[in-house]
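User: I would like to work through this protein step by step. Please answer each question with short reasoning.

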Amino acid sequence: MKAKVFRPHLDDVERLSYGKKASKRRGTGSRYHCHRLNQEERRLFELAKVSHFLTVRGNGYRKERKGSPLQNIWRQRSDALATLAVCVEKRSTIDAVVIDFSTLRVWDDASFVAMIVNNVLKAKYPNLHELVVDDAVLSSLIQTPINWDAIKTRPIWAINERLITIPCERDVAKSLAADVVKEGSQFILHEFQNERIDTTSHAIKQVIDYDGSDDESIDWNDI
């Protein structure tokens, strides 16, 4: 049996960005989660479509909207495209690259986390690799179970983020984000499996030791 998951339509993502209701996939938007962009946010959104990662000042929070419309709409678009939601947060002292794996909508993302940690960080940014591997957040991410029922049926705003946040210097942040996007484009998302075959401890070890091979994967486009 092949997995089917809820995903927004790109047309609806665009409609939400203009404050309109989704017309192709009911439930894509929510009145409690802001998506309408202002002029500056739209400029950044259009730039992100070209670079495939978002760049915002801070976390993009807009006080009058009580949230971050730009971050929300970028997550929606990433969900529609079945890609990582990658964002560079420009901060006053040090920037951060934030990677959200929830938009992949898979029941186990350990192998994809491993590909980013090993094929990008370990291979090209060893200092950042040490920082991330030593960070308890990474272990916490792998140990936190994914709610597969929610992944299959709920819009992205109703699904918990699965984040890796990597603090780095500004001159590194954009190149790192681009490398993460490039590695993410190689992901082949797994077919739904009835049982988890990895224990938590093995999944954590997989993140540290993964060699990049994946002989049993299938193309998500065939699902």
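**Strands and their surroundings**

Analyst: We may begin with strands S2 and S3, which are joined by a hairpin through 4 residues. Please keep in mind that the model is predicted.

User: In which sense do S2 and strand S3 pair?

Analyst: S2 and S3 (residues 95-100) are held together over 5 bridges. One bridge places Val-86 with its partner Ile-99 in S3. The sense of this pairing is antiparallel.

User: Which residue in S2 does Thr-55 stand opposite?

Analyst: Strand S1 covers residues 54-57, and 4 bridges join S1 to S2. These two strands run parallel. Within S2, the residue opposite Thr-55 is Val-88.

User: How many of the residues of strand S2 are buried?

Analyst: A residue counts as buried when its relative accessible area is under 20%. Strand S2 spans residues 85-90 and is mostly covered. Of its 6 residues, the number buried is 5.

User: What share of the residues in the protein chain is buried?

Analyst: The same cut-off, under 20% relative accessible area, applies here. The protein chain has 223 residues, and the buried share is 48%.

User: How many helices does the protein chain have?

Analyst: Read along the sequence, the pattern is α-α-β-α-β-β-α-α-α-α-β-α-α. The protein chain has 4 strands, and its number of helices is 9.

User: Among contacts between residues at least 6 apart in sequence, what percentage join residues at least 24 apart?

Analyst: A contact requires heavy atoms within 4.5 Å. For the protein chain, among contacts between residues at least 6 apart, the portion joining residues at least 24 apart is 73%.

Methods. Residues are numbered from 1 along each chain as its sequence is written. This is a predicted model: local features need pLDDT of at least 70, side-chain atom pairs count only at pLDDT 80 or more; totals for chains, interfaces and linings use all residues. Side-chain values use heavy atoms; hydrogens and water are left out. Buried means under 20% relative accessible area, exposed over 50%, partly exposed in between (1.4 Å probe, protein chains only). Two strands pair if DSSP finds at least two bridges between them.
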